[in-house]
2 protein chains.
Amino acid sequence: MDATDEQDPGTRPLTAADATVGALGELAVLARVTRRLPSGSPLLGPGDDCAVVAAPDGRFVVTTDMMVHGPDFRWAWSSPEDVGWKAAVTNLSDVAAMGAVPSGLVVAMAAPQETPVTVLEGIADGFRLAIEALAPGIGVVGGDLSTSATFSLTVTAFGDLGGRAPVVRSGAQPGDVLAVSGELGPAARGLARLFRDGVDDAGEPDAARVRASGADTDPDVGRQRRPVPPIADGPLAAAAGATAMLDLSDGLAIDAGRLARASGVTLELDVEPALDPVALHGGEDHGLLATFRPGASLPGGFRRIGVVRARAADHGVDLVRGGDAVPTTGWDPYADWDGAAG
Amino acid sequence: MDATDEQDPGTRPLTAADATVGALGELAVLARVTRRLPSGSPLLGPGDDCAVVAAPDGRFVVTTDMMVHGPDFRWAWSSPEDVGWKAAVTNLSDVAAMGAVPSGLVVAMAAPQETPVTVLEGIADGFRLAIEALAPGIGVVGGDLSTSATFSLTVTAFGDLGGRAPVVRSGAQPGDVLAVSGELGPAARGLARLFRDGVDDAGEPDAARVRASGADTDPDVGRQRRPVPPIADGPLAAAAGATAMLDLSDGLAIDAGRLARASGVTLELDVEPALDPVALHGGEDHGLLATFRPGASLPGGFRRIGVVRARAADHGVDLVRGGDAVPTTGWDPYADWDGAAG
């Protein structure tokens with residue numbers, strides 16, 4: 001990453017006082033990053049070969065997710081704090097989608113040597129803010145700092161099931177109620193706004209245009225940068241007997257298709273309330289899609305959006321609404337990323 | 001990565017039949033990689049938002065470690081199988097260094113779109129071979145596939161303490177015996193040979209030179225590519241009452257310095273047997289350094305190399321031998337990587 005304002009829009013312009021990670025070296029960078037991270041209360045925290053985390057019910061859930069500069073974020077559109085926030089909450093959301101309560105994170109981060117250390121500190125701040133907001137009390141219990149020509153960070157998150165069975169994708173039964181918790185659409189609307197107003201004349205991401213266009217203060221752009229998943233609703237759904245659940249990372253339609261295929265059912269969306277196309281197909285809000293036994297009282301922020309139907313033996317449709325099939329396909333990073341970064 | 005023989009030395013020359021990950025797309029790549037990985041017997045494996053892993057004693061140990069193309073490996077020197085092997089065993093070694101038995105891994109991998117899928121399959125084979133050899137029965141329980149301009153993989157490994165206290169770095173006491181298990185030096189000798197014989201006239205890594213020079217069949221080069229850490233000796237050391245332990249990733253001297261500082265002691269190496277400089281300073285063998293109470297019977301492959309002394313209050317020397325201080329400094333990826341890949 002070059003030390004230009006354009007590539008670090010979320011903070012003050014970079015100055016000569018912002019030492020690079022290459023100039024500081026690993027130990028100094030580690031010290032500056034670690035002190036900004038929440039420590040939580042693991043049985044043993046960072047500094048040894050491993051951390052030790054409690055798993056009170058004798059099991060733990062685990063998920064790992066990578067964010068790579070280019071396909072997953074642009075410095076011209078997201079501040080370091082935004083990137084840290086998003087890396088944390090996307091993983092916490094996967095933990096919640098099993099019905100588990102987050103119990104800790106580890107983070108591996110690779111930064112080009114010319115990266116100002118303030119960028120890594122900003123990412124740490126984003127982690128801290130996200131955890132304070134959505135999983136208070138847990139810590140970043142370990143990590144790894146490395147160098148790479150391409151900035152990336154990999155988060156691995158853990159959770160405790162509290163004695164309950166994990167809520168998997170494959171448990172939906174005909175007759176179950178289909179329900180969703182969390183926002184549908186703002187993150188995708190925000191991304192569309194950035195692609196429209198946040199690019200220069202050549203179509204490249206441009207932080208100055210984001211500011212000049214007012215996109216910087218658009219609440220939808222805020223949600224694209226810092227989604228707010230309903231983490232607490234995951235364990236609530238499990239306690240309420242959810243039969244299946246997953247995290248809406250790629251959009252309601254695509255993720256509903258995954259749940260439908262895993263469960264061998266067809267999901268039928270209610271005709272009312274109507275869902276606009278961005279609510280149906282927009283990704284990155286990280287809401288929760290779950291199914292509940294008929295008559296169950298929906299917990300937390302869950303609201304009904306449909307019902308589970310038996311899947312026809314001869315043609316397996318994943319998702320229907322008003323008698324019409326709804327397409328359940330989408331973004332593939334290997335096939336679809338155009339190689340751009342910015 | 002370009003699809004040239006030079007960059008994929010460990011396998012047959014690439015052909016048009018080797019589809020790239022960009023052409024195949026994420027799902028097809030995932031299917032081809034997953035089927036080569038050991039599944040182990042997690043409570044819930046890949047395919048949902050999280051895996052579920054048993055933690056029989058109500059805790060688990062966790063470590064995460066990244067391998068990045070350039071600073072951490074060169075395709076001209078290591079096959080995909082070698083890279084997968086090394087990524088697995090370096091993490092398993094950290095688990096062992098706590099006295100824990102490995103219980104599972106998750107893997108996040110980011111590959112350039114032009115990467116042949118056979119490279120990812122080779123990495124999966126390396127994982128499988130390493131696990132079969134050193135931690136049989138555990139599985140790769142989850143993961144993430146992404147794309148990046150720079151190839152990297154991040155492994156997060158877990159382990160179970162079997163009811164024992166974790167063996168931390170800070171527990172060494174004056175009078176304890178200092179002991180090591182595993183090889184000292186071959187990985188560093190292998191790397192030195194690659195830097196000497198495995199480069200072209202411009203000093204760039206060159207697979208053809210590796211073969212032509214005979215370095216390809218040098219056992220030390222084999223250890224650099226596929227270190228064989230004494231994983232089973234970690235839990236044995238814990239059971240034998242080890243007071244402190246860590247994984248020798250950066251070399252005996254550097255890592256002994258870490259243990260000495262964490263414990264507030266000075267480590268004194270025996271004068272006999274003499275350790276040659278590469279045994280003392282060479283990294284990447286991933287042996288185990290541990291301290292035991294005086295008179296303890298050393299388990300597994302551990303052999304005595306010294307003794308723990310009280311640290312002088314006025315000048316804290318980490319490591320001494322025959323009355324002379326031994327330097328305990330070394331490689332820093334942020335400061336020392338020269339930016340080369342190959």
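Strands here are DSSP runs of type E with at least two residues, and helices are runs of H or I with at least four, numbered from the N terminus. With that in hand, select A:Val62, which belongs to strand S2 (residues 59-68) of chain A. Keep in mind as you click around that this is a predicted model.

**Stop 1: A:Val62**

Is A:Val62 buried or exposed? A residue counts as buried when 20 or more other C-beta atoms lie within 10 Å of its own. A:Val62 has 29 C-beta neighbours inside 10 Å, so it is buried. Now show its contacts, skipping neighbours within four places in sequence: on its own chain they are A:Thr156 and A:Phe158, and across in chain B they are B:Cys50, B:Ala51, B:Val53, B:Val106 and B:Gly142. For a sense of scale, draw a distance from its C-alpha to that of A:Arg189: the two are 127 residues apart along the chain, and the gap is 30 Å.

**Stop 2: both chains at once**

Zoom out and colour by chain. Superposing chain B on chain A takes a rotation of 180° with 0.0 Å of shift along the axis, and the RMSD is 0.0 Å. The two copies are thus related as by a two-fold rotation axis. To find that axis on screen, go to B:Gly58: within chain B its C-alpha is the nearest to the axis, at 2.3 Å.

Next, select the interface. Chain B puts 58 residues into the contact and chain A puts in 58 residues too. On the side of chain B that touches chain A, the biggest contributor is strand S2 (residues 59-68) of chain B, with nine residues. Colour that side of chain B by class and you get 32 nonpolar, 16 polar and 10 charged residues. And which surface does each copy use? Of the interface residues of chain B, 100% are also interface residues in chain A, so the copies meet through the same surface.

**Stop 3: a sheet that crosses the chain boundary**

Switch to cartoon and pick S1 of chain A plus S2 to S5 of chain B. Five strands make an open sheet with mixed pairing, in the order S1(A)-S2(B)-S5(B)-S3(B)-S4(B). At its edges sit S1 of chain A and strand S4 (140-147) of chain B, each paired on one side only. On average, neighbouring strands in this sheet are turned by 20° against each other, direction ignored.

Zoom in on the crossing. Strand S1 (residues 51-54) of chain A runs antiparallel to S2(B), with four bridges between them. Two pairs to label: A:Ala51 faces B:Val62, and A:Val53 faces B:Phe60.

**Stop 4: the core**

Stay in S2 and select A:Val61 and B:Val61. In the largest nonpolar core, which has 188 residues, these two touch the most other members. Beyond four places in sequence, the contacts of B:Val61 include A:Cys50, A:Ala51 and A:Val52 from chain A, plus B:Val95, B:Met98, B:Phe158 and B:Leu161 from chain B. There is also a second, separate core of 11 residues, and A:Ala76, A:Ala188, A:Val210 and A:Ala215 are among them. In soluble globular proteins, nonpolar side chains tend to be buried together.

**Stop 5: S4 of chain A**

Select residues 140-147 of chain A. How many of the eight residues of S4 are buried? Eight of the eight are, so the strand is largely enclosed by the rest of the structure. Its parallel partner is strand S3 (residues 101-111) of chain A, joined to S4(A) over seven bridges. One bridge to label links A:Ala108 with A:Asp144.

**Stop 6: the seven-stranded sheet of chain A**

Last stop: select S6 through S12 of chain A. Seven strands form an open, mixed sheet in the order S7-S9-S6-S10-S8-S11-S12. Strand S7 (244-248) and strand S12 (324-325) are the edges, each with a single partner strand, so each has one side without a neighbour in the sheet.

Centre the view on S10 (residues 303-310). S6 (residues 177-181) pairs with S10 in the antiparallel sense over four bridges, and S8 (residues 265-269) does so over five bridges. Click A:Val307: it stands opposite A:Val177 and is also the bridge partner of A:Glu268. A:Ala310 in S10(A), meanwhile, is bridged to A:Val265.

Finally, add helix H9 (residues 252-263) of chain A. H9 lies across S6, S7, S8, S9 (287-292) and S11 (319-321), and runs at about 155° to S7(A).

Note on methods:
Residues numbered from 1 in each chain as written. Chains lettered and ligands numbered in written order. Predicted model: local features only at pLDDT ≥ 70, side-chain atom pairs only at ≥ 80, totals over all residues. Least-squares fit on C-alpha atoms with pLDDT ≥ 70 in both. Contact = placed C-beta atoms within 7 Å. Nonpolar A, V, L, I, M, F, W, Y, C, P; charged D, E, K, R; others polar. Pairing = 2+ DSSP bridges. Axes fitted to C-alpha atoms, helices over the stretch in contact; angles between N-to-C directions. Core = buried A, V, L, I, M, F, W, Y, C linked by C-beta atoms within 7 Å. Buried ≥ 20, exposed ≤ 12 C-beta atoms within 10 Å, placed from the backbone.
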